[in-house]
Amino acid sequence: MARKKHSTHPTPSTGPGRAELILVADAAVELRMTAEGVVSRAGADVSGLAEALSGPGITIEPLFGVSEDLIRERALEFPDATGADMATFYHVSAPNEDLEALADQLRGLDGVTGAYVKPPGEPPVAIDLEVLAEMAPSEEEPPATTPNFTARQLYLNAAPGGVDARYAWTLSGGRGAGVNIIDCEWGWRFNHEDLRVNQGGVVIGTGISDDDHGTAVLGEISGDRNGFGIEGICPDARVMAASFATLPTARVIRMAADRLRPGDIMLLEIHRRGPGGSGVGQDGYIAVEWWPDDLAAIRYAVARGVIVVEAAGNGARNLDAAIYNTPGVGFPASWRNPFNPNNPTSGAVLVGAGAPPPGTHGRDHGPDRSRLDFSNYGARVDVQGWGREVTSTGYGNLQGGSDRDRWYTDTFSGTSSASPIVVGVLGCAQGVLRARNRPLLTPAVARTLLRATGSPQQDAPGRPRTQRIGNRPNLRHIISRLVPSAPPSEASAGAAESAPAGAGITIAISSSQVTINVSASGVSVASEPAAAPVAATGYTNGHTPVNRLLQSGADVLPAE
């Protein structure tokens, strides 16, 4: 039946349109913000800076905390976390029309090593006219009970078409139990009928009323198990939200990191216009780690052991391009392009957008797992998710009516829809590990696994797989790398019963000797050169579950 469409529904959120001015101080000046104004604890002359910041409507505050000393003290808990001194970053508020002129003035002052204006961040949902028309909500009132739409969530299915979430659900912890997730963006509808369980609400900032985007994101990750509507990939995880609406983006990322534990997950549903963008639509939009303060915040989160999943952006750009090696106007001299593999990475999992299987919902976006035309690509991009035809909560084009708490969509899109799929996959994997008391994935191992496993990217006319967006995740592959190929109960019991503390298992592999020590406290891996090349042969100490794992041909991943 054809659906009537609302003509006045707002288009997907494009954020509040708020640019940000970031000042970076010279650490040697020991700048401090006090009740008396800007001072230098090192005795430097900062009168010019104080005067520039004294204009009407101008305020300045440390970006990453209430005071420089507390910021530096916290950062010292994670040495080499950021590659930058977070206490030297400041957020300057001023009228939007004055930001560029003020930044230019600040750059010429003593004690300042950088001053730059970041374009407004926006949700990375595809906004082409075809998608916008399809996402208009239906005026038709839904049935008394919402139907079960899970059969339309083909991304839950087995690989290569989906990520094999249904397989993970057969395992203890495989729905993400014990995992905390924070979605960083703008607005959410936590009253939605399919988002009532394991939802922690907005824990940082204030959400906006244009909330379809965040609602769709949450549905992919954590839609409830209730027999109607949709089901999230890891619905047993606890999901919270952090809003960029009223706070600087880097501050939100830092605050979210402080609320999470090692092994928890943060999602960055944001992109912004980068250098060379045409100004038309989302052309040239890139991942936010390119800006120095966001890069520092992401590195801080990763250093804390938080897995950060970041949208690569919808700018249709090659992130390997030389233009990104050139610092933005006002960037500090210490900045290095994090998209360039020769430079230190942010450590985040960067997600591109791939095509779903042809015929999904009766549409064809090109060969399955091929790069969608809007998706950024390059060596830095780790993994892909579905960038079209994602069925989730919100928007109302699958089920609409007058009650927005019952809205669903069939066409969520962009690196917006791709990134939550990867979050859900990681949530399932961490839940499986937690259920077995195994070490959780670190950010580095998570990236390695996503690159090394999964269903390969495919070619499309004009979009060859050399334009890298990575593989589509496959939870069966990932879990096989992380746990023995034994039933969960046997694997857990075997490790505890058969391996007394300090027991060792030595395996000769090629030209190295690898020692795996299994004890009640976990598993560790060490290696040393062997005297001569040898074949992989021996399993000692008769540890049955480990023998079975090794005999199965599963890879052993070293600790980070």
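This passage describes an open sheet, a helix that packs on it, and a helix pair in a predicted model.

The sheet is open and consists of seven strands, which follow the order 8-9-7-10-13-14-15 and pair in parallel fashion. Its edges are formed by strand 8 (199–204) and strand 15 (383–386), each of which has a single partner strand, so that one side of each is left without a neighbour in the sheet. From one strand to the next, the twist averages 30 degrees. At the edge formed by strand 8, four bridges connect this strand to strand 9 (residues 238–243), and the two run parallel; Val-202 has Ala-241 of strand 9 as its bridge partner. Helix 6 (residues 212–222) packs on the sheet, where it touches strand 7 (180–185), strand 8, strand 9 and strand 10 (265–268), and the direction of helix 6 makes about 160 degrees with that of strand 7.

Helix packing was also examined for helix 9 (residues 415–435) and helix 11 (residues 475–482), whose axes lie 10 Å apart and which pack at an angle of about 30 degrees. Because angles under 35 degrees count as roughly parallel, helix 9 is described as roughly parallel to helix 11. The crossing of these two helices is right-handed. On the side of helix 9, the contact is made by Val-425, Cys-428, Ala-429, Val-432 and Leu-433, while helix 11 contributes Leu-475, Ile-478, Ile-479 and Leu-482. Classified by residue type, the contact of helix 9 with helix 11 comprises nine nonpolar residues, with no polar and no charged residues.

Key:
Residues are numbered from 1 along each chain as its sequence is written. This is a predicted model: local features need pLDDT of at least 70, side-chain atom pairs count only at pLDDT 80 or more; totals for chains, interfaces and linings use all residues. Side-chain values use heavy atoms; hydrogens and water are left out. Axes are lines fitted to C-alpha atoms, for helices over the stretch in contact, and angles run from 0 to 180 degrees between N-to-C directions. Angles under 35 degrees count as roughly parallel, over 145 as roughly antiparallel, 65 to 115 as roughly perpendicular and the rest as oblique. A crossing is left-handed if the near helix is turned anticlockwise from the far one by less than a right angle, and right-handed if clockwise. Contact means heavy atoms within 4.5 Å. Ala, Val, Leu, Ile, Met, Phe, Trp, Tyr, Cys and Pro count as nonpolar, Asp, Glu, Lys and Arg as charged, and the others, Gly among them, as polar. Two strands pair if DSSP finds at least two bridges between them.
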